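Visitor: I am new to this structure and would like a close look at a single part, the surroundings of the ligand. Please take me through that part slowly, and then show me how the rest can be read from there.

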Amino acid sequence: MKEHFINESYEKKINELINQMTLEEKIGQLIQIVPSLFGAFDETIAKLINGEISYDEFQKLDRNYHEDKIRGGVLGSMGGVTGAETSNRLQKIAVEESRLGIPLIFGLDVIHGYKTIFPIPLAEACSWDLEWMEKTAEIAAKEAAAAGIHWTFAPMVDISRDPRWGRVAEGSGEDTYLSSEIATARVKGFQGEDLTDAQRILACAKHFIGYGGAVGGRDYNTVDMSPQTLHEVYLPPFEAATNAGVGTFMSAFNDLNGVPCTASRYILTYLLRDKLGFNGFVVSDANSIAECVEHGYSRDRKEASRKALLAGLDMDMSQGTYLQDLPEQVENGDIPEASLDEAVRRVLRMKFNLGLFDNPYRTNQEIEKKSLLAPEHVQAAREMAKRSIVLLKNEHNTLPLKKKLNKVAVIGPLADNQRELLGTWAVTGDPNDVTTVLSGIEGAVHADTEVAYSKGCDVSDKEETDIDTALKVASDSDVIIAVVGENSDMSGEASSRMELDLPGRQEELLKALHQTGKPLVVVLINGRPLTIPWVAAHADAIVEAWQLGIQSGNAIADVLFGDYNPSGKLAATFPYSVGQVPIYYNHPRTGRPASEVKFTSKYIDGPHEPLYPFGFGLSYTTFEYGNLNLSSSEFTKNEKAIISVDVTNSGNQSGEEIVQLYIADVIASRVRPVKELRGFKKIMLQPGECKSVKFELEMQDLGFYNEEMDYVIEPGLFKLYVGPNSKEGLEGEFNIIKQ
Ligand code: BGC
């Protein structure tokens, strides 16, 4: 996609500007500072720490510090600035008071909404609803743009097969195909068709690359993977984002096969620019250039900044390494000025593409006021939240509940909580805007239904329990709705977990509630797959509700009381035990597939199957699959197969089904996955209705990288599965034949 962002008239203007710029001004374009954080690297922080100045004085000094930088034309970007008034004030200094008037670009982590907080990305991924994910990104962009933001550090398109890694919450789960489709939808949603549209913002594909493959699921840890896995599993979502026109990339913290991504020429130039054809700019992750020293990959920050710049890393986020360490090295020739110019060119290119030179003030306070939490945004948050819920169990049709009951007991540490439902990375979200599960239920039931609440225990504090009160509240109820899970800071960055069970005494609470003999509905609030075998075996119904944002309570109530028939399917496998991790459906075939036989690939002390497989999710209705049909039994490499299947709603409620297509390459010159997702369709069916669902499968897409790293499509037998999840489905086969 070489043509993205290259516009002759812009390129001419960029060259003219570069010709006029001083060395400081050039380097300034490569710097992003975060106010009140950048000061942390200045002597003012020392004064604050030593008590020589008050916090107010510190903020003033800090503000003067970065305003001076803007005025001096030696600052290109700011992170963490929010609000139309502030961003316009700072922009005015850049445009009207700096020598060349180059506008600033304001970036922020707008990960799942700005003020209208949507479900965490992993939850949204479980909707498999690309249109809706595009829409929530569009709304996030609209609100953020109204608040003066030009650029979001999203979407995170890292594949992760390890739920211990806290950042699974921020991505689209374990599957490459699904994640690539979602990456496209989110980039389109943030950026739209025209970057100069003041209601859109620049997106950022992150973290390039391999970050989700951290050994042991420990954040920031080393990543060691074959080039084939890198190209087949981890790269495609980034490629999809590039093809969708993403304007920026963020380098990952980790090293990949021994080289920190931030300073890897292979990654930032060969893979990203030569192979993917990316023309935008690359920002480092926070402090990741300087961390090359701690990696032991650079003697000092000077060497780190040189290696990073020469590798193709354009903008330094929040640390100031480029600011301090580049000038001398360009002056003494260690860094060719042409390399510096190239980085500056890329940054300016995106500023031109955003239209910032023509329209540096893209918002005002009036627009901001109107946009944030606009009623249609809040309504969309409820829609997206409903679609993100996955029904994991529903014994004896416990759900949906009747709205008219004598008494509903709502129990659990997350039942009457606002903050934790926002999930990770909701920096601009306000817990006061969140509907709790309790209030959602209160709003949904009939006026005669009593809703009684008890917390029961804390999420993680083992001392803080009141199980007895919870039991009293539950004892004369018709049904218990237990709302348990994780706090929002238990997932996200730097929140890897060793155990994946319900923290604290929550399982003990559930066991006690189960003893009452009342129907037990468990609502899970969490940022990652959990290991919940006891719950899976004993609860009557399980609603996986993740962290659904401001409309959590209403959306959960919509599902519990049948106003919405759940349709989500897991975007990540739920392990039975943490010892099975990493566990993912598309694993390569082993010579001894797990079975009851002793000498096969499994553990001796637990099941070899996960608790819930990838793609799994129930509905209040049932679906039947039939008539799997292929347009032919043989195809050449350049042909495509048309696959059709009939899906019937065999239950008595209307509902949506996500029909999934998997393939398996039966014999190949490299061991291939047992199956891989290659298509999905979300359809709505009325009771008794049957629809024919069609897929197109390009044989070109069925290749892989061989031992020599050539992409090959090998003739031979392929299996095909079409069904409701990665474990069940109709089976077919076809051959790719030589031409
Ligand atoms: C995270 C990034 C984020 C950045 C800026 C880093 O710590 O890894 O994903 O965009 O901070 O807030």
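Guide: In this model, which is predicted, the ligand is surrounded by Asp109, Phe153, Arg167, Lys206, His207, Met250, Phe253, Asp285, Met317, Trp425 and Glu493. Sorted by class, this shell holds 5 nonpolar, 1 polar and 5 charged residues. Within the shell, three side chains deserve a closer look for their distances to oxygen atoms of the ligand. The side chain of Asp109 has an N or O atom 2.4 Å from an oxygen atom of the ligand, the side chain of His207 has an N or O atom 2.7 Å from an oxygen atom of the ligand, and a polar side-chain atom of Glu493 lies 2.8 Å from a ligand oxygen atom. As for how much of the ligand is covered, the ligand taken alone exposes 310 Å², and the protein buries 87% of that area.

From the shell one can step outward to the strands, beginning with Met317, which is one of the residues around the ligand and belongs to strand S10 (316–317). Strand S10 is part of an open sheet of 5 strands, which follow one another in the order S4-S3-S2-S1-S10 with parallel pairing. The edges of this sheet are strand S4 (151–152) and strand S10, each of which pairs on one side only. Further inside the order, strand S2 (residues 77–79) runs parallel to strand S3 (residues 105–108), and 3 bridges join the two; as an example of the register, Ser77 has Ile105 as its bridge partner in S3.

Some details of the backbone also belong to this picture. Trp425, another member of the ligand shell, has a positive phi of about 50° although it is not a glycine, and its place in the chain is the loop between S12 and helix H18 (437–444). Such a value stands out because most residues other than glycine have a negative phi, just as most peptide bonds are trans. Two peptide bonds can be set beside that second habit. A cis peptide bond with omega of about 5° joins Ala154 and Pro155, and Pro155 sits in the loop between S4 and helix H8 (176–191). The bond from Leu399 to Pro400 is likewise cis, with omega near -5°, and Pro400 is found in the loop between strand S11 (390–394) and strand S12 (407–411).

Elsewhere along the chain there is another open sheet of 5 strands, in the order S18-S26-S25-S20-S21, and its pairing is mixed. Here the edge strands are strand S18 (634–635) and strand S21 (676–685), each pairing on one side only. Strand S20 (residues 655–665) and strand S25 (residues 716–723) run antiparallel and are joined by 6 bridges, with Ala664 facing its bridge partner Lys719 in S25. Strand S19 (residues 640–649) has pairings that can be followed in turn: strand S17 (residues 623–630) pairs with S19 in the antiparallel sense over 6 bridges, where Glu624 stands opposite Thr648, and 9 bridges join S19 to strand S22 (residues 690–698), again antiparallel, where Ala641 stands opposite Leu697.

A last stop is the second largest pocket, whose volume is about 790 Å³. Its lining consists of 28 residues, and those nearest its centre are His587, Ala594, His608, Val674 and Lys727. By class, this lining has 15 nonpolar, 7 polar and 6 charged residues, while the shell around the ligand has 5 nonpolar, 1 polar and 5 charged residues.

Methods:
Residues are numbered from 1 along each chain as its sequence is written. This is a predicted model: local features need pLDDT of at least 70, side-chain atom pairs count only at pLDDT 80 or more; totals for chains, interfaces and linings use all residues. Side-chain values use heavy atoms; hydrogens and water are left out. A residue is near a molecule or strand if one of its heavy atoms lies within 4 Å of it. A polar contact is a pair of N or O atoms within 3.5 Å; within protein, one must be able to donate a hydrogen and the other to accept it, and residues adjacent in sequence count only if both atoms are side-chain atoms. Accessible areas come from the Shrake-Rupley method with a 1.4 Å probe; for residues, only the protein chains shown count as cover. Ala, Val, Leu, Ile, Met, Phe, Trp, Tyr, Cys and Pro count as nonpolar, Asp, Glu, Lys and Arg as charged, and the others, Gly among them, as polar. On a 1 Å grid over the protein atoms alone, a cavity is a set of points where a 1.4 Å probe fits but cannot get out, and a pocket is an open set with protein on both sides within 12 Å along at least five of seven lines; lining residues have an atom within 4 Å of a point. Grid points are joined across faces, edges and corners, and a volume is the space filled by probe spheres set on the points. Two strands pair if DSSP finds at least two bridges between them. Helices (H or I, at least four residues) and strands (E, at least two) are DSSP runs, numbered from the N terminus.
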